[in-house]
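This report walks through a single protein chain, beginning with its sheet and ending with a few individual residues. Please keep the sequence and the structure in view while reading.

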Amino acid sequence: MEKGISFEFTTKTKVNNIVLLKGDQAPRNEWKLARITEVYPGSDDRVRKVRLLVSDTTFNEKGKSTTKTVFLERLVHKLVTLPEAGLV
């Protein structure tokens, strides 16, 4: 009989972390970057949901880029947390 594998969270989900937004249909090289602005812990004190700040760059009819900021709420299992610069 095999013992169950125990996973430990190595990166704490916290405000100002930079994350990638997993896309169901998009390839990984097209996933957007976002910054965590708020965390919402569950009843067990683990973060289950976060509020994100996403910069969405589009191009107008003249070809000039325009940037708008968008806030999203997302479940943490739909994110990939990037390591902090000092930890690499």
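Two strands are taken to pair if DSSP finds at least two bridges between them. By that criterion, strand 1 and strand 2 pair in the antiparallel sense, over four bridges. The model is a predicted one, and the description below should be read with that in mind.

**The sheet**

The strands form an open sheet of five, in the order 4-3-2-1-5, with antiparallel pairing. At its edges lie strand 4 (65–75) and strand 5 (79–81), each of which pairs on one side only. From one strand to the next, the twist averages 35°. As general background, strands of a sheet pair through backbone hydrogen bonds, either parallel or antiparallel.

Three of the strand pairs are set out here with their bridges.

| Strand pair | Bridges | Sense |
|---|---|---|
| Strand 1 and strand 2 | four bridges | antiparallel |
| Strand 2 and strand 3 | seven bridges | antiparallel |
| Strand 3 and strand 4 | eleven bridges | antiparallel |

Individual residues show how the strands are set against each other: Leu21 stands opposite Lys32 in strand 2, Tyr40 has Lys49 in strand 3 as its bridge partner, and Val54 is bridged to Val70 in strand 4.

**The nonpolar core**

Which residues make up the largest nonpolar core? This core has eight residues in all, namely Val19, Leu21, Ala34, Ile36, Val50, Leu52, Val54 and Leu79. The elements that give two or more residues to this core are strand 1 (18–21), strand 2 and strand 3 (47–59), and strand 3 gives the most, with three residues.

Is Ala34, one of the members of this core, buried or exposed? Its relative accessibility is 4%, and because buried means under 20%, Ala34 counts as buried. Ala34 lies in strand 2 (residues 32–41), and, once its neighbours within four places in sequence are left aside, Ala34 is in contact with Asn17, Ile18, Val19, Leu21, Leu52, Leu53 and Val54. Leu79, which also belongs to the core, is 45 residues away from Ala34 along the chain, and the C-alpha atoms of the two are separated by 9.5 Å.

Val50, a further core member, touches a set of residues that includes Ile36, Tyr40, Leu72, Val76 and Leu79, not counting residues up to four places away in sequence. Among its other contacts are the charged residues Glu38, Glu73 and Arg74.

**Aromatic rings**

The structure holds zero aromatic pairs. One ring does have a charged group over it, however, as Arg51 lies over the face of Phe71, at 4.2 Å from the ring centre.

**Residues with positive phi**

Two residues that are not glycines nevertheless have a positive phi, Asn16 at about 80° and Asp45 at about 70°. Asn16 lies in the segment before strand 1 and, at 49% relative accessibility, counts as partly exposed. Asp45 is found in the loop between strand 2 and strand 3, where the hairpin of these strands has five residues between them. With a relative accessibility of 65%, Asp45 counts as exposed, because exposed means over 50%.

Notes. Residues numbered from 1 in each chain as written. Predicted model: local features only at pLDDT ≥ 70, side-chain atom pairs only at ≥ 80, totals over all residues. Heavy atoms only, no water. Buried < 20%, exposed > 50% of the residue type's maximum accessible area, 1.4 Å probe, protein only. Contact = heavy atoms within 4.5 Å. Phe/Tyr/Trp six-rings, centres within 6.5 Å; stacked < 30°, edge-to-face > 60°. Lys NZ or Arg CZ within 6 Å of the ring centre and 35° of its normal. Core = buried A, V, L, I, M, F, W, Y, C linked by side-chain atoms within 4.5 Å. Axes fitted to C-alpha atoms, helices over the stretch in contact; angles between N-to-C directions.
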